[in-house]
Amino acid sequence: MATKMVASFLVLHLAFPTVFGTDYNVGDDNGWSQGVDYSTWTSGKTFKLGDNLVFKYGSLHSVDEVNENDYKSCSSSNSIKSYSDGNSKVPLTTAGKMYFICPTPGHCGGGMKLEINVVAASTTPSGTPPTTPSGSPPTTPSGSPPTTPSGSPPTTPSSPSESGTPPPPKPSGAVTVSSGITLLMGSIILGFIMG
């Protein structure tokens, strides 16, 4: 019985992978408000397809999604989408740059604007494996570590375009507790049915 239950759990787990995106509370505890440096807030974050931005703000504010030119000029006259409910969840469904501003006069100019870059959530390789520039792996004599000329540190390309290959994407997504419980319950039920 226990073997059947474990097997059914594994089958369910493999058949129905449940990975969800991350909800990012814009501005963290400060929310969408004046006096927050949103450039600093975005640093170190990787926004992926399937993630969500959650804007929390008071009645003096709202959120407009705009294009790059309107972002730079703080204009909301051609907004793509507007939010004003005080707790707006914006799904990230398209890869590329996204721009948000507060359309209240003076707020965007005072820094209430957000630019993010959304990347694909997949961490699987996209085809051919990366190769070294010469086409063959570097080799060193057995037992001796690679060396560099004395007095000069090893060098690495300063940008992905110099090396020819972009850096690999960071792992993404998070398995939620509720989906784990759902899988467990489904496994238990399947275990009872099977035996």
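Let me begin with Cys74, which is partly exposed in this predicted model, with a relative accessible area of 29%. Its partner is Cys108, and the two form a disulfide in which the sulfur atoms lie 2.1 Å apart. Where do the two cysteines lie along the chain? Cys74 belongs to the loop between helix H3, residues 68-73, and strand E5, residues 81-83, while Cys108 belongs to the loop between strand E7, residues 96-101, and strand E8, residues 113-119, so the pair ties together parts that are 34 residues apart in sequence. For anyone who wants the chemistry spelled out, a disulfide is a covalent bond between the sulfur atoms of two cysteines.

On the geometry of that bond, the torsion about the S-S bond of Cys74 and Cys108 comes out at about -70 degrees, and the disulfide is therefore left-handed. As for the surroundings, Cys74 is partly exposed, as I said, whereas Cys108 counts as buried, at 5% relative accessibility. The structure holds one disulfide, which brings me to another cysteine, Cys102. Why does Cys102 not bond to Cys108? The closest cysteine sulfur to that of Cys102 is indeed the one in Cys108, but the separation is 8.3 Å, which is too far for a bond, given that a disulfide needs the sulfur atoms to be within 2.5 Å. Cys102 is itself buried, with a relative accessible area of 1%.

Cys102 also leads us to a serine, because Ser62, leaving aside neighbours within four places in sequence, is in contact with Trp32, Tyr57, Tyr83, Ser84, Ile101, Cys102 and Pro103. Ser62 sits in the loop between strand E3, residues 52-56, and strand E4, residues 63-66, and with a relative accessible area of 13% it is buried, the cut-off for that word being under 20%.

The other serine I would like to show you is Ser88, which is found in strand E6, residues 87-91. Ser62 and Ser88 are 26 residues apart along the chain, and their C-alpha atoms are separated by 9.1 Å. Is Ser88 buried or exposed? It is buried, with a relative accessible area of 2%. Again leaving aside neighbours within four places in sequence, Ser88 is in contact with Leu53, Val54, Phe55, Tyr57 and Tyr83, and its side chain is joined to that of Tyr57 by a polar contact of 2.7 Å. If you look back at the contacts of Ser62, you will find Tyr57 and Tyr83 listed there, and Tyr57 and Tyr83 are likewise among the contacts of Ser88.

Conventions:
Residues numbered from 1 in each chain as written. Predicted model: local features only at pLDDT ≥ 70, side-chain atom pairs only at ≥ 80, totals over all residues. Heavy atoms only, no water. Helix = DSSP H or I, 4+ residues; strand = E, 2+ residues; numbered from the N terminus. Buried < 20%, exposed > 50% of the residue type's maximum accessible area, 1.4 Å probe, protein only. Polar contact = N/O pair within 3.5 Å; in protein donor to acceptor, adjacent residues only side chain to side chain. Contact = heavy atoms within 4.5 Å.
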